[in-house]
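Visitor: I'd love a close look at one part of this model, and then a walk outwards from there. Could you take me through it slowly?

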Amino acid sequence: MVENRPFLNFLTHLVLILGVLMVVFPVYLAFIASTHGPTDFMSGIVPLLPGDRFSANYGYLLGTGESTAGAPPFLLMLANSLVMAIMIAVGKIAISIISAFAIVYFRFPLRVPAFWLIFMTLMLPVEVRILPTYKVVADLGMLNSYSGLVIPVIASATATFLFRQFFLTVPEEMMEAARVDGAGPLKFFRDILLPLSRTNIAALFIIMFIYGWNQYLWPMLITTEPHYYTVVMGIKRLASVLDGDNQWNLVMAGVILAGLPPVLVIIFMQRLFVKGLVETEK
Amino acid sequence: MFKKLSMAAVAVALSATSSLAATEVTWWHAMGGELGKKLEEIAQKFNDSQSDYKVVPVFKGTYPETLTAAIAAFRAGQQPAIVQVFEVGTGTMMAAKGAVYPVYKLMADNKEPWDPKGFLAPVVGYYSDAQGNILSMPFNSSTPIMYYNKDVFQKAGLDPEVAPKTWAELATMGKKIVDSGAAACGFTLSYAATWVGLENYSAIQNLPYGTLQNGFGGLKTEFKFNGKEQAAFWDNLKKQQDAKVFKYGGPGGGAETAPMFYAQQCAIYMGSSASRAGVINNAKGFKVGFAPMPYDDTVTKDPKNSIIGGATLWTLNGQKNPDVYKGVAKFFTYLSKPEVQADWHQFTGYLPITNAAYELGQKQGYYEKTPGSDIAIKQITRGTPTDNSRGLRFGNLTQIRDLIDQQFETVLSGKKTGQQALDDAAKAGNAILREFEASNSN
Amino acid sequence: MQTKRTVFHSRILPYFLLAPQLIITLIFFVWPAAQAIWQSFLRQDPFGLKVTFVWFANYTRLLDDPDYLNALGATFVFSVGVTVLSMGLSLMFAVAVNRLLRSGRFYTTLLVWPYAVAPAAAGLLWWFMFNPSVGIIPYLLSFLGYEWNHRLHTGDAIVLIIIAAAWKQISYNFLFFVAGLQSVPQSLTEAAAIDGAGPFKRFWTVVFPLLSPTTFFLAVINITYAMFDTFGIVDATTSGGPSQSTNILVYKVYADGFIGLNLGPSAAQSVILMLIVVVLTVVQFRWIERKVQY
């Protein structure tokens with residue numbers, strides 16, 4: 001912090017506290033719902049204090065849960081989600097950071113078309129190309145496999161674009177210095193660019209992990225065997241009740257439980273958010 | 001990965017001696033929660049009852065997601081043997097002649113017993129072709145009924161045992177409820193502009209919804225729901241809304257309608273008969289009454305049967321192993337057994353699909369024990385179905401329902417009269433029907 | 001398109017670096033997308049049993065449809081609303097967190113976590129909160145004398161979907177703004193402080209320009225988010241109503257194509273949607289990126 005101003009400090013905390021209240025309130029509501037009975041949310045104004053069904057609801061979900069309805073036990077779903085989310089996040093970051101490196105630090109024919117080609121993947125809703133994509137995956141024999149779950153969603157325009165933006169801000173002198181030292185492109189990438197990108201990698205990892213974690217439609221479409229079930233599919237199955245009698249409490253308990261592993265990821269990744277990092281390395 | 005490989009190896013080994021192994025019959029469905037558990041139980045019991053076939057149910061998301069998954073799989077040659085399709089997808093499935101294996105043919109080809117007369121006529125009528133052949137296996141069907149809050153009726157000085165029989169009575173009672181302060185609103189409708197408020201309104205009042213017997217006669221059908229009776233009905237709903245007697249709860253199924261009833265804001269709720277268990281569970285602190293849908297005595301003195309909703313099981317063509325279809329046929333036979341049907345019907349609140357299952361329930365005394373459970377059955381079986389009350393058969397019905405919802409909202413906000421809105425809906429709906437006709441005939 | 005002033009020289013290496021991303025993009029995106037575009041010129045039943053080539057019939061019908069033009073307007077209001085609201089709030093939070101040392105992390109965790117709520121559940125939560133009969137917000141508003149009803153009032157419905165969609169994106173924007181702020185050298189702000197610039201002036205003259213690559217990135221991402229990724233929220237809260245006021249383009253594609261299975265017309269809709277966003281993005285890269293300081 002540059003200097004200490006009591007009023008500004010007060011304002012900072014005020015803004016953040018209001019922000020947290022605003023952002024967290026819906027999640028708080030989900031938690032409250034998860035501690036009530038199934039019907040408490042429907043008969044009168046939504047309660048704002050926890051109910052007495054906390055252990056009953058969470059116990060049910062972690063215990064018997066849906067195992068009687070063809071879905072696997074909660075822990076297996078958790079493991080599947082974890083594997084899928086980590087593979088997606090790592091894969092996206094790995095292939096995107098090297099493509100951004102190529103686009104920013106090299107000049108070669110087809111550089112601009114390649115960037116736009118990658119960028120366009122942001123721009124056609126999944127729902128529209130889902131039938132043809134399914135066909136491709138089926139033709140490649142990737143239905144019902146982890147590779148089918150992960151590889152088709154691993155290209156990332158977002159990550160490539162972010163790394164491009166970041167690399168462009170890295171001072172020119174760094175590369176010139178590296179070249180004077182006789183460092184080749186790969187060495188420069190590994191020793192200089194990668195450490196500098198730490199904060200952005202951490203931020204992206206959080207976002208991409210959560211993206212992978214919350215995948216629902218794609219896994220549901222291409223797997224038919226219960227041992228590929230993910231947590232979000234499990235919740236969806238719980239929530240997908242026809243003609244009325246929804247068990248909101250269990251659905252929300254599932255939402256909260258499914259949200260916990262991402263919290264660990266956030267806390268862990270935040271360690272890479274070291275303030276003043278750029279200065280110390282320069 | 002290894003697991004997958006080893007399973008493949010096992011599969012190869014087994015196929016060499018396939019006479020020993022059970023043939024797998026995949027069944028994609030959209031039933032989560034408790035219904036899903038019951039469905040798994042049915043499959044399990046079938047599997048236990050014999051050793052040649054194994055039905056494998058797979059949950060594939062919501063109804064639209066399940067249908068899309070099945071279509072994607074069909075286009076890639078990976079389709080399941082059985083898929084559960086909701087009633088608005090019926091037009092799509094029926095038009096896809098090369099993709100489906102009609103159930104009447106399936107049963108005949110595999111020499112399984114099949115008696116169309118054994119089914120409740122209004123249920124199978126919805127899923128039959130113009131010649132009366134049943135194309136898909138009815139599974140979960142329901143029809144709208146009226147739920148009312150007996151406590152509020154009492155508070156408003158009404159007899160809690162007497163539900164309104166006509167829309168006119170409903171208006172009077174609703175006004176009394178609101179004026180007395182017993183509740184903030186008289187009634188709310190799920191599917192206010194579609195299944196309940198327009199499709200069933202037309203059927204019960206014996207008014208045509210479309211030409212060519214509501215579309216049963218062919219793809220050239222045109223909408224007729226913009227009659228003066230329906231227009232007057234919509235205007236009436238707008239009038240009731242202005243008087244605070246009617247409250248709208250959103251398009252489609254009306255996500256806000258049931259909560260308004262549960263929170264005792266609205267005294268009456270009209271929705272699916274299959275919601276009965278949910279309504280009872282959610283109605284905390286008040287007694288629920290059940291009644292048939294009201295009829296419009298300015299239009300008819302003789303209300304017809306109501307029409308159904310829900311889903312049926314379609315068999316898809318193109319299974320490589322013909323034995324699979326034998327398994328499907330056997331499973332459908334099992335599914336139609338009175339015990340199986342009665343159990344499913346009584347557990348879920350869906351209609352029994354066979355007369356035998358209904359009679360079994362009567363013998364068991366189920367309907368005396370559970371008041372309100374036979375209202376739906378009586379309502380769909382009253383009188384003889386006419387061309388207007390047999391059901392609906394329109395392509396792209398999902399989209400058409402969306403646009404009718406939108407037109408209904410313009411009436412509620414006072415931008416259009418009932419007649420203008422229905423005329424516009426019919427015009428836009430006909431354009432979509434022509435599109436469907438064009439893409440299904442060449 | 002920008003590169004570094006000095007670049008590495010290698011004929012083959014850049015292609016190797018790009019290969020994984022490009023191969024996956026080509027197989028799992030470009031090829032299916034090309035088929036989706038091809039579908040927009042066809043009329044077919046969902047199972048693909050009867051297919052007719054109809055040239056531009058799907059497009060001309062669409063452009064004759066007054067509802068479609070109405071959806072264009074709604075999409076514009078919605079996208080601008082979501083982008084401005086979520087980016088504005090996130091920037092404010094990020095700057096605040098960046099001022100703090102120890103407690104910053106605590107706030108960061110709390111502000112980012114809601115992003116983990118599954119999108120399907122997020123729509124549901126907003127539906128609960130704004131539900132006219134059991135929701136907390138209509139209940140509170142009723143004390144102010146306002147009768148909230150997004151099922152009948154157009155304005156309420158638009159506000160609802162903007163808030164719900166922006167909420168989902170606040171954590172995302174916040175995280176990248178924080179990451180961006182981390183790389184602003186403290187030496188610069190300190191130098192400005194010594195020159196006597198107050199905190200607000202320092203932010204606008206020193207920090208904000210240095211943040212412009214991140215801001216540009218987020219602006220592009222947020223607009224594409226609002227245009228493509230929001231049908232779930234619309235579906236759970238307003239379903240496009242009342243009277244189509246929240247029927248944004250992507251929801252129409254979703255309702256007609258994914259739910260309604262009307263493949264030809266919905267493919268045409270998504271091609272138009274894609275063209276709009278491509279044009280928008282090219283414009284942003286051409287003109288706005290010039291103002292970005294790298």
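Visitor: To start with the chain I'd like to see closely, how many helices and how many strands are there in chain C?

Guide: Happy to! Keep in mind throughout that this is a predicted model. Chain C has 13 helices and 2 strands. Its C-alpha trace spans about 70 × 70 × 30 Å along the principal axes. Of the 294 residues in chain C, 53% count as buried. As for contacts in chain C between residues at least 6 apart in sequence, 68% of them join residues at least 24 apart.

A good place to zoom in is helix α12 of chain C, which covers residues 249-259. This helix is largely enclosed by the rest of the structure, because 11 of its 11 residues are buried. The cut-off here is 20 or more other C-beta atoms within 10 Å of a residue's own. The buried residues of α12(C) include Leu249(C), Val250(C), Phe258(C) and Ile259(C), and also Lys252(C) and Asp256(C). Just after α12(C) comes Leu261(C), with a positive phi of about 55°.

Now let's step across to the neighbour. The contact between chain B and chain C takes 35 residues from chain B and 28 residues from chain C. On the chain B side, α3 (63-75), α4 (90-95), α12 (257-262), α19 (397-412) and α20 (418-440) each supply at least two residues. Of these, α19(B) gives the most, with 8 residues. Sorted by class, the side of chain B that touches chain C has 14 nonpolar, 16 polar and 5 charged residues.

Let's pause at that helix. Asp402(B) is found in α19 of chain B, and it counts as buried because it has 26 C-beta neighbours inside 10 Å. From Asp402(B) to Ser306(B) is 96 residues in sequence and 21 Å in space, C-alpha to C-alpha.

How is chain B laid out more broadly? It is divided into domain 1 (18-142 + 309-369) and domain 2 (144-306 + 395-440). The centres of domain 1 and domain 2 of chain B, taken over C-alpha atoms, are separated by 29 Å. Where these two domains meet, the contact takes 11 residues from domain 1 of chain B and 14 residues from domain 2 of chain B. On the domain 1 side, α4(B) gives the most, with 3 residues. By class, that side has 5 nonpolar, 6 polar and no charged residues.

Chain B also holds an open sheet of 5 strands, in the order β2-β1-β3-β10-β4, with mixed pairing. At its edges stand β2 (53-59) and β4 (137-142) of chain B; each has a single partner strand, so one side of each is left without a neighbour in the sheet. Neighbouring strands are turned by 20° against each other on average, direction ignored.

Within the sheet, strand β3 (residues 82-86) and strand β10 (residues 309-315) of chain B run antiparallel and are joined by 5 bridges. One detail to look for is Ile82(B), whose bridge partner in β10(B) is Thr315(B). Helix α14 (residues 323-336) of chain B packs on the sheet, touching β1 (23-29), β2, β3, β4 and β10 of chain B. The direction of α14(B) makes about 60° with that of β1(B).

Conventions. Residues numbered from 1 in each chain as written. Chains lettered and ligands numbered in written order. Predicted model: local features only at pLDDT ≥ 70, side-chain atom pairs only at ≥ 80, totals over all residues. Contact = placed C-beta atoms within 7 Å. Helix = DSSP H or I, 4+ residues; strand = E, 2+ residues; numbered from the N terminus. Nonpolar A, V, L, I, M, F, W, Y, C, P; charged D, E, K, R; others polar. Buried ≥ 20, exposed ≤ 12 C-beta atoms within 10 Å, placed from the backbone. Pairing = 2+ DSSP bridges. Axes fitted to C-alpha atoms, helices over the stretch in contact; angles between N-to-C directions. Domains from an automatic or database assignment.
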